[in-house]
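Trainee: I have just opened this one. Can you walk me through it, step by step?

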Amino acid sequence: ALFCVAALATTLLASCGDPTGDLQPSIAIVYGVVADASGTPVSDAHVRVLIGAPDSDHCGAYDWLAGTTTTDDSGAYSVTGTFVHVSRAEMCVALEVHPASADYLPDSLEGGRVLFRHEANTPPVDSIRIDAMLEFSN
């Protein structure tokens with residue numbers, strides 16, 4: 001009788017599957033240009049893409065780092081942001097920009113929402129453009 005109970009429990013657990021098995025990397029692309037107020041590109045700026053779950057109709061806390069990069073000579077950047085979760089999810093996106101040059105002040109800005117999809121289900125990959133304008137430090 002004990003064997004039958006153990007066999008039944010094992011069968012039931014196996015039929016439920018691995019509860020973490022559906023957690024997969026999901027991706028979305030965040031891209032844009034970092035420039036100063038005159039439109040001059042800011043190269044070598046460190047860009048951090050942060051994401052957070054929307055709270056009703058607005059975005060709030062940005063709890064996860066989705067990716068980082070550095071701007072090129074034309075001030076452009078592109079990050080394939082990654083978020084691990086069970087299914088596709090619309091997430092709020094924000095940037096932190098830290099210029100390499102002391103001529104500019106760092107900046108943080110909210111960019112809107114983008115849909116993260118499991119890598120296995122892409123393309124298409126959703127994307128959002130967020131341009132940043134840095135202020136001079138003096």
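Trainee: What pLDDT does the chain average?
Mentor: This is a predicted model, so start with the predictor's own confidence in each residue. Of the residues, 81% score at least 70. The chain average is a pLDDT of 82.

Trainee: In which element is confidence lowest?
Mentor: S8 sits at the top end, with a mean of 97. At the other end, residues 2–20 stay under 50 in pLDDT. For that stretch the model has 0 contacts beyond four places in sequence. The lowest mean, 43, belongs to helix H1.

Trainee: Why be careful with such a stretch?
Mentor: Where pLDDT is low, the predicted coordinates should not be read in detail.

Trainee: What pattern does the chain follow along the sequence?
Mentor: Count the elements. There is 1 helix, and there are 8 strands. Read along the sequence, the pattern is α-β-β-β-β-β-β-β-β.

Trainee: Which strand gives the most to the largest nonpolar core?
Mentor: This core has 25 residues, and Val30, Val34, Tyr77, Val93, Leu95 and Ile130 touch the most other members. S1, S2, S4, S5, S6 and S8 each supply at least two residues. The top contributor, with 5 residues, is S5.

Trainee: How many residues are in the other core?
Mentor: This other core lies apart from the largest one. Among its members are Leu50, Cys59, Tyr62 and Ala94. Its residue count is 5.

Trainee: Which residues of S4 point to the buried face?
Mentor: In a regular strand the side chains alternate between the two faces of the sheet. S4 shows this alternation. Ala76, Ser78, Thr80, Thr82 and Val84 point to the face that is not buried. The buried face has Tyr77, Val79, Gly81, Phe83 and His85.

Trainee: In what sense do S1 and S4 pair?
Mentor: The two strands share 10 bridges. Along the way, Val33 stands opposite Ala76 in S4. The sense of the pairing is antiparallel.

Trainee: Is Ser26 buried or exposed?
Mentor: Ser26 lies in strand S1. The cut-off for buried is under 20% relative accessible area. Ser26 has 0% relative accessibility, so it counts as buried.

Trainee: Which backbone nitrogen lies 3.4 Å from a polar atom of the Ser26 side chain?
Mentor: Look at what surrounds Ser26. Leaving aside neighbours within four places in sequence, Ser26 is in contact with residues including Gly81, Phe83, Phe116 and His118. The backbone nitrogen at 3.4 Å belongs to His118.

Trainee: Where is Asp131, and what is its relative accessibility?
Mentor: Asp131 is found in the loop between S7 and S8. Partly exposed means between the 20% and 50% cut-offs. Asp131 counts as partly exposed because its relative accessibility is 40%.

Trainee: Which backbone nitrogen lies 2.8 Å from a polar atom of the Asp131 side chain?
Mentor: Not counting residues up to four places away in sequence, Asp131 touches Gly32, Val33 and Leu109. The Asp131 side chain also makes a polar contact with the side chain of Arg129, at 2.9 Å. The backbone nitrogen at 2.8 Å is that of Val33.

Trainee: What separates the C-alpha atoms of Asp131 and Gly111?
Mentor: These two residues are 20 apart along the chain. Their C-alpha atoms are separated by 8.6 Å.

Methods:
Residues are numbered from 1 along each chain as its sequence is written. This is a predicted model: local features need pLDDT of at least 70, side-chain atom pairs count only at pLDDT 80 or more; totals for chains, interfaces and linings use all residues. Side-chain values use heavy atoms; hydrogens and water are left out. A nonpolar core is a set of buried Ala, Val, Leu, Ile, Met, Phe, Trp, Tyr and Cys residues joined through side-chain atoms within 4.5 Å. Buried means under 20% relative accessible area, exposed over 50%, partly exposed in between (1.4 Å probe, protein chains only). Helices (H or I, at least four residues) and strands (E, at least two) are DSSP runs, numbered from the N terminus. A polar contact is a pair of N or O atoms within 3.5 Å; within protein, one must be able to donate a hydrogen and the other to accept it, and residues adjacent in sequence count only if both atoms are side-chain atoms. Contact means heavy atoms within 4.5 Å. pLDDT is the predictor's confidence in each residue, from 0 to 100. Two strands pair if DSSP finds at least two bridges between them.
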